Amino acid sequence: MIIKLSHHAVIRSIKRKIEFSEIENTILEPKRVKLKQDCIIAMKLRKNGHLLMVYYTIQSGYVIVITVIETSKIDKYLN
């Protein structure tokens, strides 16, 4: 599976100091997955205790990461 990051996702991952391997791992081994009308949200806890949320779609066999979000509001999203 080939994972491509949108320009927005690259900017956000740099700003939030999120490694590509962490994005890849969240997609491949999420703690929770939510399906939205236009995308998939994979979620996994980071080592710093925050929740990493990766918004992506699948197009022509590629995983296209739309954006990445890091939040401390874990209960809001995992419950």
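Where does Lys17 lie? Lys17 sits in the loop between H1 and H2, and I come back to that residue in point 6.

1. Ground rules first. This is a predicted model, in which local features need pLDDT of at least 70 and side-chain atom pairs count only at pLDDT 80 or more, while totals for chains, interfaces and linings use all residues. Residues are numbered from 1 along each chain as its sequence is written, and side-chain values use heavy atoms, with hydrogens and water left out. Helices (H or I, at least four residues) and strands (E, at least two) are DSSP runs, numbered from the N terminus.

2. The nonpolar cores. I use "nonpolar core" for a set of buried Ala, Val, Leu, Ile, Met, Phe, Trp, Tyr and Cys residues joined through side-chain atoms within 4.5 Å. Buried means under 20% relative accessible area, exposed over 50%, and partly exposed in between (1.4 Å probe, protein chains only). The largest core has 13 residues, and Ile23, Ile27, Val54, Tyr56, Val65 and Val68 touch the most other members. At least two residues of this core come from each of helix H2 (20-28), strand E3 (40-45), strand E4 (51-59) and strand E5 (62-71). Apart from it lies another core, of seven residues, including Leu51, Met53, Tyr55 and Leu78. As background, nonpolar side chains tend to be buried together in soluble globular proteins.

3. Val54 up close. Contact here means heavy atoms within 4.5 Å. Not counting residues up to four places away in sequence, Val54 touches Ile23, Thr26, Ile27, Ile40, Ile41, Ala42, Val65, Thr67 and Val68. Have a look at this one in the viewer if you want a way into the largest core, since Val54 is among the residues that touch the most other members.

4. One face of H2. Which residues of H2 are buried? They are Ile23, Thr26 and Ile27. Seen down the axis of H2, these buried residues fall within an arc of 100 degrees, so they line one face of the helix; the arc is that of the directions from the helix axis to the C-beta atoms. What they pack against is strand E1 (2-5), helix H1 (7-15), E3, E4 and E5. Thr26 deserves its own glance: Thr26 counts as buried because its relative accessibility is 2%. A polar atom of the Thr26 side chain lies 2.8 Å from the backbone oxygen of Glu22, where a polar contact is a pair of N or O atoms within 3.5 Å (within protein, one must be able to donate a hydrogen and the other to accept it, and residues adjacent in sequence count only if both atoms are side-chain atoms). Leaving out residues up to four places away in sequence, Thr26 also touches Ala42, Met43, Lys44, Leu52 and Val54.

5. The Arg46 network. A salt bridge is a side-chain nitrogen of Lys or Arg within 4 Å of a carboxyl oxygen of Asp or Glu, and by this rule the count comes to two. Arg46 and Glu22 meet in one of them, at 2.7 Å from N to O; this pair links distant parts of the chain, with Arg46 in the loop between E3 and E4 and Glu22 in helix H2, 24 residues apart. Glu70 also forms a salt bridge with Arg46, the closest N and O atoms being 2.9 Å apart. That pair too links distant parts of the chain, Glu70 being in strand E5 and 24 residues from Arg46. Together, Glu22, Arg46 and Glu70 are linked in a network of salt bridges. Arg46 counts as buried at 12% relative accessibility, whereas Glu22 is partly exposed at 22%, and Glu70 is partly exposed with a relative accessible area of 22%. The Arg46 side chain also has a polar atom 3.2 Å from the backbone oxygen of Lys17.

6. Two backbone angles to check. Most residues other than glycine have a negative phi. Lys17, although not a glycine, has a positive phi of about 55 degrees, and Lys17 is exposed, with a relative accessible area of 69%. Ser60, in the loop between E4 and E5, has a phi near 50 degrees, again positive in a residue other than glycine. Ser60 is exposed, with a relative accessible area of 74%.

7. Last, Tyr62. Tyr62 is found in strand E5 and is partly exposed, with a relative accessible area of 30%. Setting aside neighbours within four places in sequence, Tyr62 is in contact with Ile2, Lys4 and Thr57.
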